[in-house]
Amino acid sequence: SRGRGDVYKRQVMLRANFVISEFRAGETRIWSGWTGHRLRRRGEGWEVLVKQVNLIDHDQNIRNPSIIL
C-alpha cells in the first residue's frame, strides 16, 4: 500500500516568471508577474492540479486581464 508521502513524491511544484506585451486598439500594455503550477505524474505525462497567476502590479486598476492570461 502507498502512504501519503508517496502521493507527494509523484507531484512537483514549478514557478516561472513572465512578461507579456499586448497591442490592441492603438494601446500597448505590458503584463509581468509569475505563475505557479502543481503537477502530478499521470502515466507517461503530467496532470495540472493547480495553476496560479500573480501579477506584479496587482494592486492597480487592470482592465480585463483574463483574455491574455
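## Exercises on a three-stranded sheet

Glu22, Arg24 and Arg29 are joined in a network of salt bridges. Keep in mind that this is a predicted model. Let's work through it together.

### Exercise 1: Get an overview

Task: Find how many helices and strands the protein chain has, and in which pattern they follow along the sequence.

Solution:
- Step 1. Count the elements: the protein chain has 1 helix and 3 strands.
- Step 2. Read along the sequence, and the pattern comes out as α-β-β-β.
- Step 3. Add the burial: of the 69 residues in the protein chain, 16% are buried.
- Step 4. Look at the contacts between residues at least 6 apart in sequence: 35% of them join residues at least 24 apart.

### Exercise 2: Build the sheet

Task: Work out the order of the strands in the sheet, and say which strands are at the edges.

Solution:
- Step 1. The 3 strands make an open sheet, ordered β1-β2-β3, with antiparallel pairing.
- Step 2. Strands β1 and β3 are the edge strands, since each of them pairs on one side only.
- Step 3. On average, neighbouring strands of this sheet are turned by 25° against each other, direction ignored.
- Step 4. Now zoom in on one pair: β1 covers residues 11-24 and β2 covers residues 27-42, and the two pair in the antiparallel sense over 14 bridges.
- Step 5. The link between β1 and β2 is a hairpin with 2 residues between the strands. In that turn, Ala25 has a positive phi of about 55°.

### Exercise 3: Follow Glu22 and Arg29

Task: Describe how Glu22 and Arg29 are related, both in strand pairing and through their side chains.

Solution:
- Step 1. Start with the strands: the bridge partner of Glu22 in β2 is Arg29.
- Step 2. Turn to the side chains: Arg29 and Glu22 meet in a salt bridge, with 2.7 Å from N to O.
- Step 3. Recall the general idea: side chains of opposite charge can pair when their charged atoms come close.
- Step 4. Are these two residues buried or exposed? Arg29 has a relative accessible area of 15%, and Glu22 has 8%. Buried means under 20%, so Arg29 counts as buried, and so does Glu22.

### Exercise 4: One glutamate, two arginines

Task: Find which residues form salt bridges with Glu47, and check how accessible each residue is.

Solution:
- Step 1. Arg40 forms a salt bridge with Glu47, and their closest N and O atoms are 2.7 Å apart.
- Step 2. Arg42 also meets Glu47 in a salt bridge, at 3.0 Å from N to O.
- Step 3. Check accessibility: Glu47 is partly exposed at 22%, Arg40 is partly exposed at 27%, and Arg42 is exposed at 55%.
- Step 4. Put these in context: a search of the whole structure finds 4 salt bridges.

### Exercise 5: Arg15 and its surroundings

Task: Say which residue stands opposite Arg15 in β2, and over which ring Arg15 lies.

Solution:
- Step 1. In β2, Gly36 is the residue opposite Arg15.
- Step 2. Arg15 lies over the face of Trp34, 4.0 Å from the ring centre.
- Step 3. For comparison, look for rings that pair with one another: the structure holds 0 aromatic pairs.

### Exercise 6: Thr35 and Val50

Task: For Thr35 and Val50, give the strand, the accessibility and the contacts beyond four places in sequence.

Solution:
- Step 1. Thr35 is found in strand β2. With a relative accessible area of 14%, Thr35 is buried.
- Step 2. Leaving aside neighbours within four places in sequence, Thr35 is in contact with Leu14, Arg15, Ala16, Phe18, Gln52 and Val53.
- Step 3. Val50 belongs to strand β3, which covers residues 45-55. At 42% relative accessible area, Val50 is partly exposed.
- Step 4. Not counting residues up to four places away in sequence, Val50 touches Gly36, His37 and Arg38.
- Step 5. Finish with a distance: Val50 and Arg40 are 10 residues apart along the chain, and their C-alpha atoms are separated by 9.8 Å.

Terms used: Residues numbered from 1 in each chain as written. Predicted model: local features only at pLDDT ≥ 70, side-chain atom pairs only at ≥ 80, totals over all residues. Heavy atoms only, no water. Buried < 20%, exposed > 50% of the residue type's maximum accessible area, 1.4 Å probe, protein only. Pairing = 2+ DSSP bridges. Helix = DSSP H or I, 4+ residues; strand = E, 2+ residues; numbered from the N terminus. Contact = heavy atoms within 4.5 Å. Axes fitted to C-alpha atoms, helices over the stretch in contact; angles between N-to-C directions. Phe/Tyr/Trp six-rings, centres within 6.5 Å; stacked < 30°, edge-to-face > 60°. Lys NZ or Arg CZ within 6 Å of the ring centre and 35° of its normal.
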